[in-house]
Amino acid sequence: MAHVSQTLAKSGKPFAYSPENEQKFKELLPKYPTTRAVILPALWLAQEQDGYLTVEAMEYVAKRLEQPAVAVFAVVEFYTMFKTEPTGKHHIQLCRTLSCWMRGYEDMQKLIERKIGIGPGEKSADGVFSFELVECLGSCGTAPMMRMDNRYWENLTVDKLSRILDACKQGRDPASEDTQ
Ligand code: FES
């Protein structure tokens, strides 16, 4: 995925929280010691609303928190969980750091490339999948692992991942394949 600094063009799409997210945003404020500390969860709300963050959404968050836009852009650029372009319906973040590397993340990557036909940073033509390699997601004891659909998929094997991808392709709930 491209970094914010590479994609600073405005989308032309105005952004504002939905009524539901406006309520969540108001509930966030008293939970944090400073408005700066709210940047991360406020951005997450914005991303959940549209699936990715436009420049307008980042500027909106900055304005609501009375923070400089550059501080918000920096947070988006730092965390791989934030997306500045539309992702596929199932966005795969495969960990490539030490534990996952030692336990065969490369086999998972090869499987994804073979089965879906996309490499890191790409999206499938049908929009079902997008794929990126990320650094440690903090679940090293269950390597190799990936994040997809806002959850972790752990102790991956080629067979298990193959079943998960098939379920996604067929429009089934892939959670039913999260077994050994
Ligand atoms: S090395 Fe993959 S989750 Fe930590």
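A salt bridge here is a side-chain nitrogen of Lys or Arg within 4 Å of a carboxyl oxygen of Asp or Glu, and the structure holds 13 of them. This is a predicted model, in which local features need pLDDT of at least 70 and side-chain atom pairs count only at pLDDT 80 or more, while totals for chains, interfaces and linings use all residues. Residues are numbered from 1 along each chain as its sequence is written, and side-chain values use heavy atoms, with hydrogens and water left out.

**Exercise 1. Find how the chain is divided into domains, and how far apart the domain centres lie.**

Step 1. Start with the bounds, which come from an automatic or database domain assignment. Domain 1 covers 4-78 and domain 2 covers 90-177.

Step 2. Now take the C-alpha centres of domain 1 and domain 2: they lie 28 Å apart.

**Exercise 2. Work out which residues of helix 3 are buried and what covers them.**

Step 1. Fix the terms. Helices (H or I, at least four residues) and strands (E, at least two) are DSSP runs, numbered from the N terminus. Buried means under 20% relative accessible area, exposed over 50%, and partly exposed in between, with a 1.4 Å probe and protein chains only.

Step 2. Go along helix 3 and pick out the buried residues: Val-55, Glu-56, Ala-57, Met-58, Tyr-60, Val-61 and Ala-62. That makes seven of the ten residues in 55-64, so helix 3 is largely enclosed by the rest of the structure.

Step 3. Look for the cover. It includes helix 1 (19-28), helix 2 (39-50) and helix 4 (69-78).

Step 4. Carry on past the end of the helix. Just after helix 3, Glu-66 takes a positive phi of about 55°.

**Exercise 3. Describe the salt bridge between Glu-22 and Lys-26.**

Step 1. Check the distance: the closest N and O atoms of Glu-22 and Lys-26 are 3.6 Å apart.

Step 2. Place the pair. Both residues belong to helix 1, four residues apart, which means about one helical turn between them. An α-helix has 3.6 residues a turn, so residues three or four places apart point the same way.

Step 3. Compare accessibility. Glu-22 counts as buried at 17%, whereas Lys-26 is partly exposed at 49%.

**Exercise 4. Trace the salt bridges of helix 7.**

Step 1. Begin with Arg-163 and Asp-159, whose closest N and O atoms are 3.3 Å apart. They both lie in helix 7, four residues apart, about one turn of the helix.

Step 2. Extend the pair: Asp-159, Arg-163, Arg-172 and Glu-177 are linked in a network of salt bridges.

Step 3. Move on to Lys-160, which bridges to Asp-178 with the closest N and O atoms 3.0 Å apart. Lys-160 lies in helix 7 and Asp-178 in the segment after it, so this pair ties together parts that are 18 residues apart in sequence.

Step 4. Add the accessibilities. Lys-160 is buried at 3%, while Asp-178 is partly exposed at 24%.

**Exercise 5. Describe the surroundings of Ala-167.**

Step 1. Locate the residue: Ala-167 is found in helix 7 (residues 158-169), and it is buried, with a relative accessible area of 0%.

Step 2. List its contacts (heavy atoms within 4.5 Å). Leaving out residues up to four places away in sequence, Ala-167 touches Arg-172, Asp-173, Pro-174 and Glu-177.

Step 3. Finish with a distance: Ala-167 and Glu-177 are ten residues apart in sequence and 7.6 Å apart in space, C-alpha to C-alpha.
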